[in-house]
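Please open the structure in your viewer and keep the selection panel at hand. The tour below moves from stop to stop, saying what to select and what can be found there.

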Amino acid sequence: MATMTMIQALNSAMDVMMERDPTVLVFGEDAGYFGGVFRATDGLQRKYGASRCFDAPIAEGGIVATAIGMGANGLRPVVEIQFVDYIYPAYDQLVSEAARLRYRSGGEFWAPITVRSPYGGGIMGGQTHSQSPEAIFTHVPGLKTVIPSNPYDAKGLLISAIEDDDPVIFLEPKRIYNGPFDGHHDRPLQPWQKHPASEVPEGHYTVPLGVAAIRRPGKTVTVLAYGTMVHVALAAVEESGIDAEVIDLRSLVPLDLETIVTSVSKTGRCVIVHEAPQTSGFAGELMALIQQHCFYHLEAPIERVTGWDTPYPHAFEWDYFISPARVIAALRRAVEAV
Amino acid sequence: MTQPADPSLEQVPADAIAVPQPHCRPGDEPDFSRLNFPGVDSARRPAVDESPEHMRELAYGLIRVLDENGDAGGAWNPGLDGDTLRRALRAMVLTRLFDDRMFRAQRQGKTSFYMKCTGEEAIGCAQAMVLTTDDMFFPTYRVQGILISRGYPLVQMMNQIYSNASDPLQGRQLPILYSAREYGFFSLSGNVGTQYCQAVGWAMANAYKQNGHIAAAFIGDGSTATYDFHHALNFAAVYRAPVILNITNNQWAISSFQGIAGGEQTTFAARGIGYGLPALRVDGNDFLAVHAATDWAAQRARRGLGATVIEFYTYRAEGHSTSDDPSKYRPKDEAAHWPMGDPVARLKQHLLKLGESSEEQHQAMEVELTAQVRAASREAESVGTLGQSKPPVGEMFEQVFKSPDWRLQRQRKEVEG
Ligand SMILES: Cc1ncc(C[n+]2csc(CCOP(=O)(O)OP(=O)(O)O)c2C)c(N)n1
């Protein structure tokens with residue numbers, strides 16, 4: 001066991017996989033010599049050579065297209081999109097090509113690729129370094145969408161993603177790369193060291209895709225969150241004094257419906273928290289599933305706390321970013337409804 | 001604030017924006033006199049390891065082997081033996097007969113859609129003979145000749161076209177978007193251009209594995225405008241990928257002539273020069289020239305010398321697809337005036353000249369191949385044509401992922417009842 005930040009855990013996942021499996025290649029803009037602008041691929045080129053970890057031209061579509069070709073030809077490429085805001089030039093390759101290759105070829109070809117990318121706000125990145133486009137990918141048949149919330153999961157989930165034979169969009173909440181965030185911008189960031197999930201095994205282990213984690217058991221209301229929002233939700237629950245159950249979804253596709261249904265059937269109330277804008281966000285899908293599966297257990301309308309339906313603003317970042325106060329208000333509405 | 005009125009907009013002339021126009025439109029006499037086609041001796045054949053910067057003229061010239069009389073000559077003459085030439089002609093004739101049959105099947109309502117490669121048969125057939133099934137083609141919908149010359153079962157192609165119960169792709173793909181891994185034929189996308197750079201990735205994996213295999217990508221002149229095209233050239237050059245980047249310039253992208261993709265500015269081959277890649281412009285209606293250029297590029301790739309761009313200069317003799325009516329945008333008989341002739345007729349003439357075939361032998365071959373196509377189509381039709389027969393509906397839910405998740409399992413149950 002070692003203490004790791006999320007960045008170190010992600011680096012360790014790629015290191016372990018490159019060590020074990022010569023078909024694993026890592027590339028992306030600045031991912032080679034320099035080790036990535038967030039340092040996630042630090043040291044991999046030095047250790048495994050430039051054919052295993054290299055820099056790519058600034059052409060996201062080309063990066064994903066070459067990964068698809070490599071993946072179909074027996075390799076397991078892990079590519080980095082420097083910020084997820086730049087994944088749109090690769091959208092066509094992901095949606096029209098990677099996602100459908102197995103299907104359209106009758107199982108003759110498939111693309112076991114992992115597309116890693118930092119996403120979400122909280123670093124004053126403005127509207128081109130802060131987006132949360134997960135819902136766009138969950139809508140696409142054939143893609144898996146995974147989002148960790150802590151170092152232990154980040155490593156275990158990334159190893160699962162790399163070992164998976166389907167294309168995986170792996171979104172990394174960059175706000176919590178170096179420490180958990182409780183949503184209070186006036187408090188210093190905590191280091192991961194004090195967090196139990198920063199204890200990360202050095203070697204190979206997996207966290208399976210499609211299994212949610214209960215971060216805090218509770219009886220009164222269920223909170224569904226992922227990524228940075230898990231930490232904001234936990235802070236809100238603690239401050240509110242409400243006995244809420246906080247579930248970290250960990251992967252949106254595949255989704256752990258059972259854990260959600262069990263919890264909401266028990267509590268009868270649910271608050272969903274995501275950073276992405278509200279309209280057609282993943283919360284909408286979760287609400288539909290909950291009303292379908294838990295309707296007779298529901299005691300209050302399902303609440304969602306989301307980003308605003310605006311582009312991500314620079315100067316208003318803290319007004320955009322979900323505060324524990326907004327989550328607490330939603331928790332109160334859910335609990336007080338009769 | 002609303003835009004202020006701009007009085008100058010009231011007198012916009014028809015040609016204010018420079019929109020390139022083809023040289024002939026319906027009603028005009030077909031006219032290709034502006035094109036000049038150099039003789040077979042005009043193109044030099046560099047050593048495969050020569051530096052690309054010393055062969056730039058090849059991107060602007062035209063590599064030819066078969067002359068107007070059906071004789072082979074010039075530095076690029078591959079000197080193929082009679083057997084190989086007969087096999088080639090056979091594959092091209094079979095491809096044409098197959099196309100004709102399937103075109104008619106579409107007109108009879110047996111399938112939704114079909115696309116012919118009439119006039120372009122030499123391209124797919126020649127490349128399939130140079131590359132092996134361990135190499136991988138990233139095809140377009142106009143190189144069915146690859147599968148046909150490699151002996152892929154015609155019935156299976158038809159089953160795919162009919163989306164019937166024996167469709168190897170389980171009714172999921174539009175007709176003609178084949179997938180045939182064993183034949184070195186990658187699954188075809190319906191989005192044009194998207195696979196050009198995937199071929200580079202495939203080739204990079206070959207380089208990584210050091211297995212000596214290569215990849216070959218196809219794209220149409222129209223689709224060279226996609227960003228995928230430029231990604232592919234850049235990645236292939238940067239990582240010295242063992243790939244052949246083919247451009248089929250058949251003059252038309254549906255109703256848009258090649259000028260709309262930038263073809264009046266420079267040749268399509270010349271686009272390779274800016275990326276530092278060797279680039280050849282080749283008579284695509286000349287089987288021998290296609291064969292020779294492909295062989296040259298394949299040798300480069302196999303020797304670790306990297307990618308080659310090849311523009312095949314040809315003409316799309318028929319409509320874009322069964323949904324297209326080319327007489328709406330070009331002279332009706334333009335195809336017949338294409339100065340580079342017909343690839344099948346030219347290779348046949350060459351064989352006759354060499355004494356490697358005769359009119360009688362050729363006719364006998366056509367009769368035999370027609371019967372072969374007819375037999376295959378009877379067999380496929382006995383399984384069923386579009387709508388009369390389908391793979392089991394549950395197949396619809398398979399292979400979305402390696403194994404279906406709960407959503408797919410539930411939805412499948414709902415459909416299957
Ligand atoms: C990305 C994309 N855009 C548009 C289309 C519609 N479309 C299908 S074929 C075609 C023309 C392609 O022309 P070209 O590349 O010259 O190839 P050709 O058909 O002449 O062989 C178009 C626009 C498509 N299939 N994919």
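Which helices and strands each supply at least two residues of the lining of the largest pocket? Before you select anything, keep in mind that this is a predicted model. Now select α6 (134-138), β12 (251-253) and α10 (282-294) in chain A, and then add α10 (406-416) of chain B, since these are the elements that each supply at least two residues of that lining.

**Stop one: the largest pocket**

With those elements shown, select A:Thr138, A:Glu285, B:Trp406, B:Arg407 and B:Gln411, which lie nearest the centre of the largest pocket among the 24 residues that line it. The volume of this pocket is about 600 Å³. If you colour the lining by class, you should find 14 nonpolar residues, seven polar ones and three charged ones.

**Stop two: the second largest pocket**

Next, turn to the second largest pocket, whose volume is about 490 Å³. It is lined by 32 residues, and the ones to select are B:Thr140, B:Tyr141, B:Val192, B:Gly220 and B:Ser223, which are the closest to its centre. Then select β2 (215-220) and β4 (252-253) of chain B, each of which supplies at least two residues of this lining. The largest share, three residues, comes from β2(B). Coloured by class, the lining of the second largest pocket divides into 15 nonpolar, 14 polar and three charged residues.

**Stop three: a covered strand in chain A**

Now select residues 244-248 of chain A, which form strand β11, and notice that five of its five residues are buried. In a regular strand, the side chains alternate between the two faces of the sheet. In β11(A), one side carries A:Ala244, A:Val246 and A:Asp248, while the other carries A:Glu245 and A:Ile247, and both faces are covered.

**Stop four: the partners of that strand**

Which strand pairs with β11(A) in the antiparallel sense, and over how many bridges? Select residues 213-216 of chain A, strand β9, which pairs with β11(A) in this sense over three bridges; here you can place A:Arg216 opposite A:Val246. Then select strand β10, residues 221-225 of chain A, which pairs with β11(A) in the parallel sense over five bridges, and look for A:Thr222, whose bridge partner in β11(A) is A:Glu245.

To finish, add helix α8, residues 228-240 of chain A, to the selection, and follow the chain from β10(A) through this helix to β11(A), for together they make a right-handed β-α-β unit.

Notes: Residues numbered from 1 in each chain as written. Chains lettered and ligands numbered in written order. Predicted model: local features only at pLDDT ≥ 70, side-chain atom pairs only at ≥ 80, totals over all residues. Heavy atoms only, no water. 1 Å grid on protein atoms, 1.4 Å probe; cavity = no way out; pocket = protein on both sides within 12 Å on 5 of 7 lines; lining within 4 Å. Points joined across faces, edges and corners; volume = space filled by probe spheres on them. Helix = DSSP H or I, 4+ residues; strand = E, 2+ residues; numbered from the N terminus. Nonpolar A, V, L, I, M, F, W, Y, C, P; charged D, E, K, R; others polar. Buried < 20%, exposed > 50% of the residue type's maximum accessible area, 1.4 Å probe, protein only. Pairing = 2+ DSSP bridges. Right-handed = clockwise from strand over helix to strand, strands pointing away.
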